[in-house]
Amino acid sequence: MRHKKHTFKIGRTGAHRTALLANQVCSLVFSKEIKTTLVKAKETKRLAEKMVTLAKKGTLHARRLAISKLRNKDAVKVLFDELAPQYTERKGGYTRIIQLGQRIGDAAEICILQWVGEIGKVEKKATSAKKVAEKVEEKKA
């Protein structure tokens, strides 16, 4: 029986898959969002959230495990120093997938994979700016 045996093959060898996922997580760490296919995004999300969980621990052992998975010391540094402190209170769900529709050439599902906190900060700033503007208008009236 194959219970709980998760596989992500999509016609690639094992080494190619691990390199692909590591590169996508590094790109996500550096650029805060990536545009990719839905299948790749779901698998990248799994690895990215595991890396954030390691980064939240902040130990040397966790850092070395992350370097062994991602193979990029700069990405691990950004992950541990900048991203992990944002998610100290959050217990999971560090990324979101926004579906965009189908690609024209091969009809593959395209989506955007992004960190949760980045958009939330922008929305909070926009709503607080609106509230301040409303208070100013009320005082004028």
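This passage describes the nonpolar core, a helix pair and one strand residue of a predicted model. Local features require pLDDT of at least 70 and side-chain atom pairs count only at pLDDT 80 or more, whereas totals for chains, interfaces and linings use all residues. Residues are numbered from 1 along each chain as its sequence is written, and side-chain values use heavy atoms, with hydrogens and water left out.

The largest nonpolar core (buried Ala, Val, Leu, Ile, Met, Phe, Trp, Tyr and Cys residues joined through side-chain atoms within 4.5 Å; buried denotes under 20% relative accessible area with a 1.4 Å probe, protein chains only) comprises 31 residues. Those touching the most other members are Val-25, Val-29, Met-51, Leu-70, Leu-79, Phe-80 and Trp-115. Helix 2 provides the largest share, 8 residues. Helices here are DSSP runs of H or I with at least four residues, and strands are E runs of at least two, numbered from the N terminus. Beyond four places in sequence, Leu-70 is in contact (heavy atoms within 4.5 Å) with Ala-22, Val-25, Cys-26, Met-51, Val-76 and Leu-79.

Leu-70 also belongs to the helix 3 residues that meet helix 4, where Val-76, Leu-79 and Phe-80 are among the partners. The axes of the two helices, fitted to C-alpha atoms over the stretch in contact, lie 9 Å apart at an angle of about 135 degrees.

Thr-95 lies in strand 2 (residues 95–102) and is buried, with a relative accessible area of 5%. Its side chain makes a polar contact with that of Glu-49 at 2.9 Å; such a contact is a pair of N or O atoms within 3.5 Å, one able to donate a hydrogen and the other to accept it, and residues adjacent in sequence count only if both atoms are side-chain atoms. The C-alpha atoms of Thr-95 and Val-116, 21 residues apart along the chain, are separated by 5.0 Å.

Methods: Buried means under 20% relative accessible area, exposed over 50%, partly exposed in between (1.4 Å probe, protein chains only). Axes are lines fitted to C-alpha atoms, for helices over the stretch in contact, and angles run from 0 to 180 degrees between N-to-C directions.
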